Structure formats: C-alpha cells, structure tokens
Amino acid sequence: MIILYPTETLYALGVNALDAEQLRALFLLKGRDESQTASWQVRDMDDVHKYAGVSETAAKIAEKFLPGPLTLVLPAKDTTPAERVAPDGTIGIRISSDPIAHQLVCDFMEEHDAPLTCTSANIHGAPVFATPGEILQQFGKKASAVGKIVDDGPRKSLASTVVRVIGDEVTVLREGSIGEEEIIDCVKESQA
C-alpha cells in the first residue's frame, strides 16, 4: 500500500522499503525508473546503524541535524538487501522531525520491521505540490494507487538537504532546508 504523508518539508510517498512489489508500484505511480532507489525514513539512529555504516563524521552531522530535514547517504551494510542499495553501495536515510511522520514511521516499522520510503510526492521531474488534493490531482487516474492519505494541511518548504558521507568524505548532493555552509561548519567542528 502506498501512503501519502507529511514531513517537516513536503509530502512524501511511503511503501515498505524492502518490498520489491511495493517499490515497483511506487515507481510506476511516479513514472520513475525502477533501477533508481528511494530514500528511507527510520525511527532513530539505532535504525540507521542497522542498515548503514555510520562514520564518526556522519554521526556528528546526524547529532546536529537529525531528526530534521536531512537525508544522509551512507554506505549500506552487507546485511541490507543488495537490490535496495544504490549502484555505489549507498542508501539514503532520514529521521523526520515532523511528529505525524515520526509516529507513522514508528508504527510502520513496528508492524513491518522495515523502513518506510520517503520520496517526493510527485510525478518524477514534475513540481511538488503543497496539499494532498493537489498531489493526487497531479497523478490523475493513477492516484487510486495511493491507499492511505495522511492530510495535515499544506507542506511547502525546501526539500531535505542530501549529504553523502563516506568515512570523512562529505559531499552535499542537494542543498535544501539546511544550507551547505551549515554542513561544512559542522564537519569542521567535528574535525577540530
């Protein structure tokens, strides 16, 4: 089942991140290539450690900005299903500071023992709208694929900042709600 839910930035689409069939349905809805990956929402840093390798630098960034509008791209652990991992061996993980999203993820992970995807609620490459009504309208007939809608009013912020951290190497892949300078300053502080 595809879930449309709010985060602290925008609305997201969620399915079981480890379920190939659900991921196929999600990518079909978005018109996105199945070879791509979707970032995951988890409850806390314990969950992050379960699926990814967290360097000291990554831990410092997480400590400062998570929960919050940050997606950390980290090396996947060997125990993470290979078909859910990007070609470079990484996965993107978020911990939302939105209380509704956080509770949804906690309940979902309790029930399914798997992360919930956190991909933008739009057709791939199209604008991201602020309300579930506008989002569903964009999907047209495909909107019936969304099985659960968590409506908490408009969400219109910059997307999450995406930061790739491999060991001490930090790359800001997308600047969003958290500025690149803030990430760089955090890394400098952690290395001081």
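This is a short dialogue on reading a few features of a predicted model.

Q: Let's start with the sheet. What is the order of the strands in the open sheet of four?
A: Here is the general idea to begin with: strands of a sheet pair through backbone hydrogen bonds, and they may be parallel or antiparallel. In this structure, the order of the open sheet is β7-β2-β1-β8, and its pairing is mixed. β7 (119-120) and β8 (146-149) are at the edges with a single partner strand each, so one side of each has no neighbour in the sheet.

Q: How many bridges join β1 to β8?
A: Strand β1 (residues 2-6) is joined to β8 by three bridges, and the two run parallel. If you look at I2, you will find V146 of β8 opposite.

Q: Now a single residue: is T161 buried or exposed?
A: The idea is to compare relative accessibility with a cut-off, and buried means under 20%. T161 has 0%, so it counts as buried. You can find T161 in strand β9 (residues 161-166).

Q: Which residues does T161 touch?
A: Leaving out residues up to four places away in sequence, the contacts of T161 include P69, L70, T71, V172 and R174. S177 is also one of them, and its backbone nitrogen lies 3.4 Å from a polar atom of the T161 side chain.

Q: And S35: buried or exposed?
A: Exposed means over 50%. With 56% relative accessibility, S35 counts as exposed. S35 sits in the loop between α1 (20-30) and β3 (40-41).

Q: How far apart in space are S35 and T57?
A: From C-alpha to C-alpha they are 29 Å apart, with their positions 22 residues apart in sequence given as the separation.

Conventions. Residues numbered from 1 in each chain as written. Predicted model: local features only at pLDDT ≥ 70, side-chain atom pairs only at ≥ 80, totals over all residues. Heavy atoms only, no water. Pairing = 2+ DSSP bridges. Buried < 20%, exposed > 50% of the residue type's maximum accessible area, 1.4 Å probe, protein only. Polar contact = N/O pair within 3.5 Å; in protein donor to acceptor, adjacent residues only side chain to side chain. Contact = heavy atoms within 4.5 Å.
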